[in-house]
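Open the model in your viewer and colour it by confidence. The stops below say what to select and what is there.

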Amino acid sequence: MDFLASPEFWLALGQIIIIDILLGGDNAVVIALACRKLPPAQRTKGIIWGTAGAIVLRVILIAFAMTLLALPFLKLVGALLLLWIGVKLLAPDEDGHGNVQGSDKLLAAIKTIIVADLVMSVDNVIAIAGAAQNAGDHSLLLVVLGLLISIPIIVWGSQLVIKLMERFPMIITLGGMLLGWIAGGMLVTDPVLANPDQWQWMPKLPLDDSSREVSAWVRYGASVAGALLVLLAGRIILARRAGSAAAGS
């Protein structure tokens, strides 16, 4: 239980909870739409069982993702996807959930919730796997705890979360920058850049002499660069949209 006294453990747990809440708002909408036609007596059951199934499925997906991140080049790809997700968080597309079908059958509603959550969970899975990768042996515990804490907040407190985000837009901005921070740190720890004994045709990053891992200043520098890149790209996209809207009016 010594890991409970580790600041890194609690920092990673906080990151996972923030990511879940920021990227999980759509999941709350899907749950509401899928259960909207259920009789009132079954609506709570649909929400509980559908959410439970989605949580179990997501833990399995994240466990696979954390394993796959040990393979060469996958952290590079994952980092680029995380940067894109962070930018989309700051400058989201205008899309709806009209294609989510409600059902008056309990099992059908549960199935809809699980399938929709699977389709929509790619961003969550990549982001959480990246945040948990530095926790060592306790990474899966972090994932489970983060989901157990954040999913109820999303499902039953989604309106409060949405209102907080609307009132304090800086929450969204900081969340997008957090994803960029994680992406930068993930990118420079990819084996093809951090392992001097293999893939020698790739450029190598400076390593710490004692740990034989990427130097802390390289990792932190990449994290800062990723956060700033997401912020800059999001601002540019929003400015272009505003310019296009002004020109079209």
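Start with helix α10 (residues 216-248), which has the highest mean pLDDT among the elements of the chain, 89, while helix α2 (residues 25-34) has the lowest, 65. Here pLDDT is the predictor's confidence in each residue, from 0 to 100, and helices are DSSP runs (H or I, at least four residues) numbered from the N terminus. For the chain, the mean pLDDT is 75, and 74% of residues reach 70 or more. Where pLDDT is low, the predicted coordinates should not be read in detail.

This is a predicted model, in which local features need pLDDT of at least 70, side-chain atom pairs count only at 80 or more, and totals for chains, interfaces and linings use all residues. Residues are numbered from 1 along each chain as its sequence is written, and side-chain values use heavy atoms, leaving out hydrogens and water.

Next, select Trp-181 and Tyr-220. Their ring centres are 6.4 Å apart and their planes stand at 50°, so the pair is tilted (centres within 6.5 Å, using the six-membered ring of Trp; under 30 degrees is stacked, over 60 edge-to-face, the rest tilted). The structure holds one aromatic pair. Trp-181 is in helix α8 (residues 170-187) and Tyr-220 in helix α10, 39 residues apart.

Add Arg-219, which lies over the face of Tyr-220, 5.8 Å from the ring centre (CZ of Arg or NZ of Lys within 6 Å of the centre and within 35 degrees of the ring normal).

Finally, select helix α4 (residues 74-90) with α10. Which way do α4 and α10 cross? Their crossing is right-handed (the near helix is turned clockwise from the far one by less than a right angle).

Key
Helix = DSSP H or I, 4+ residues; strand = E, 2+ residues; numbered from the N terminus.
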